[in-house]
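Colleague: Could you walk me through how to read helix packing and contacts in a model like this one? I would like to begin with the way two helices cross.

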Amino acid sequence: MTRSTPHSTADTRGHFFGRTRTPTGQFFTYVTLALVALLWLLPLAWMLGVSLKPAEEISSAALLPQHPTLHAYERLMAPASQTTIDATGRPVEPTPFYFPLLARNTLIVALLSVGGMVLSSSIAAYGFARIRFPGRDILFAICLATMMIPFPVLMVPQYLLFKQLGWIGTTIPLWGPAWFGSAFNVFLLRQFFVGIPYELEEAALLDGCSRWGVFWRIMLPLARPALTVVALLHVLYVWNDLVGPLIFLSRPETYTLALGLQFLQSRSGDTPWNELMAAATLIVVPVLILFLFAQRAFIRGVATSGLKG
Amino acid sequence: MTRARRDLVAGLLWTAPWWLGFLLLTAGPLAATLYLSFCDYSLLQPPVFTGLENYRQLAVDPTFRKVLVNTVVYAALWIPTMTVLAIGLAILLNRPIRGQAFFRAAIFVPTIVPLVAAGVVWMWLLAPESGLVNELLRRVGVASPPLWLESPRWAMIALVMVSLWFVGTPMVIYLAGLQEIPLTLYEAARLDGASSWGQLRHVTLPGLSPIILFNLVVAIINAWQVFALPYVMWRTRPGPDRATFFYTTYLFENAFTNLKMGYASAMGWVQLLIILGLTGLTFWISRRSVHYVSQ
């Protein structure tokens, strides 16, 4: 299997329909793409816009607030112990979305989870890629097949298992399983390792380097692009996960951002839209920044997942 | 120790993280769910074996039928629209135009937005009175735009629309696939006098066929697990007239709200079998139409 190389964006491809080179074809392409891009970005623009609006302006559909305020954000930064009072003098119940705490919890889960995922997946992937042992191909086929198993069929017994271990209410069920790697990442990294020439390893082994030394000092550094992809996609997964926290967490002090926003949205009594949008913005901005810095790795990671399937 | 045995030990040690996890978190739970699916189990008392009772109940449970139909309808609406949109956008993005990287990033960016945040944002966009979508519709002259999330007729369509916001994922996969199709094939097709439609039909789509198959399988698996978006977007969980009550949502409620763990387990196994069956069916149907370009 060949590895796809990053493609330059301005090449000679794209002859489809024969009329791409004609002015009308170009125009049609531009207008369509511009329209779709605009439509796809609108929700994010309005999310930011509404989050900056004072209460009186929420019902207007305008993008830009006339009197922008950070009031909604301030509410989300007030600790639960601190009761606040709204404009009419009524006490406001503490927000279920106390950003500093939720962000800290989510970050801890993400770090513990990503560390385990990258390390364990790459160890197992190296085993599948480089060690010829009886039963390897069957084991690898089973690994691939498990990707089709839906999580709902596993969640009841996993819940019971973690309950036995006393882990319900802690964040361990959210990052512990990552230390066993995941079938998809094992597969992704194995494909990468298979593509690395043997000669490098053989030389090191002949020099008396151990398998582990070869893995740690030669393979892992070479696999850095693939490891980055695995780490990025997994951070995104942890950041996004709602089912896991919903099932396994029970104490507000351990909640993650996604779960906090879910509660903010569903609590009795309406949470004002500017506050909900501020919370959504606070969840989106960190991954957005990550995306801007690592755009290529993100897109390449998603793209190759399909090409190798 | 013989060479073969040494290799076996080394292989099993290296791959241990994965197969230990497989035994503890996949194979074990699968067996446990299968056993529990034959039991009445409320978590408070030990499981009581009841044979096929859960499956018999599933067969006559009107809510089960409802979520089954809803999930199938959702998949039937979402998968084709998403596939056409993703391939269409990928073809446009594959053309050599200025700003290509920006357009690609703009359409891809929503896929990194956490589903909970996306659900909240779209709840506002689709709000009947103050929402942006209806505001725009009224401006272009639609007197009484749909109530979207509150309407049993439009709720499903609203969810499909929101799901299409995430078209970026299959789109970049198709885009990478397009770039693997040898240009010489297009040149040959044009020399043979193929029209633009002919090129699409005889070069592009066959060239993409393995990726279309991959994306279809992924989409089928995902459609049966749709959960977070409807869970967030409809506070009254089943949605208007249960229009957005889905398979996984009902399974989740049985397990963790109603504490019917045995019933939920039976639903889990039925879901697994449905997914395996549909995946197998997709492969079987596509066996003649998928072309692998040798590399």
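Modeller: Happy to! Keep in mind that this is a predicted model. Let's begin with α1(A) and α5(B), whose crossing is left-handed.

Colleague: At roughly how many degrees do the axes of α1(A) and α5(B) cross?

Modeller: The angle is roughly 35 degrees, and the two axes come within 8 Å. In chain B, helix α5 covers residues 100-108.

Colleague: Which residues of α1(A) and α5(B) meet there?

Modeller: From α1(A), look for L33(A), V36(A), A37(A), W40(A) and L41(A). Their partners in α5(B) are F103(B), A106(B) and I107(B). Sorted by class, this contact has eight nonpolar residues, with no polar and no charged ones.

Colleague: Now the wider view: how many residues of chain B are in contact with chain A?

Modeller: Chain B brings 93 residues, which contact 86 residues of chain A. On the chain B side, helix α2 (residues 16-36) gives the largest share, 14 residues. By class, that side of chain B divides into 64 nonpolar, 23 polar and six charged residues.

Colleague: And within chain A, what are the domains?

Modeller: Chain A is divided into domain 1 (23-92) and domain 2 (99-307). Their centres, taken over C-alpha atoms, are 31 Å apart. Each domain gives 12 residues to the contact between them. On the domain 1 side, α1 (23-51) and α2 (71-76) of chain A each supply at least two residues. That side of domain 1 has nine nonpolar, one polar and two charged residues.

Colleague: Thanks, that gives me a route through the model!

Definitions and conventions:
Residues are numbered from 1 along each chain as its sequence is written. Chains are lettered from A and ligands numbered from 1 in the order in which they are written. This is a predicted model: local features need pLDDT of at least 70, side-chain atom pairs count only at pLDDT 80 or more; totals for chains, interfaces and linings use all residues. Domain bounds come from an automatic or database domain assignment. Two residues are in contact if their C-beta atoms, placed from the backbone, lie within 7 Å. Helices (H or I, at least four residues) and strands (E, at least two) are DSSP runs, numbered from the N terminus. Ala, Val, Leu, Ile, Met, Phe, Trp, Tyr, Cys and Pro count as nonpolar, Asp, Glu, Lys and Arg as charged, and the others, Gly among them, as polar. Axes are lines fitted to C-alpha atoms, for helices over the stretch in contact, and angles run from 0 to 180 degrees between N-to-C directions. A crossing is left-handed if the near helix is turned anticlockwise from the far one by less than a right angle, and right-handed if clockwise.
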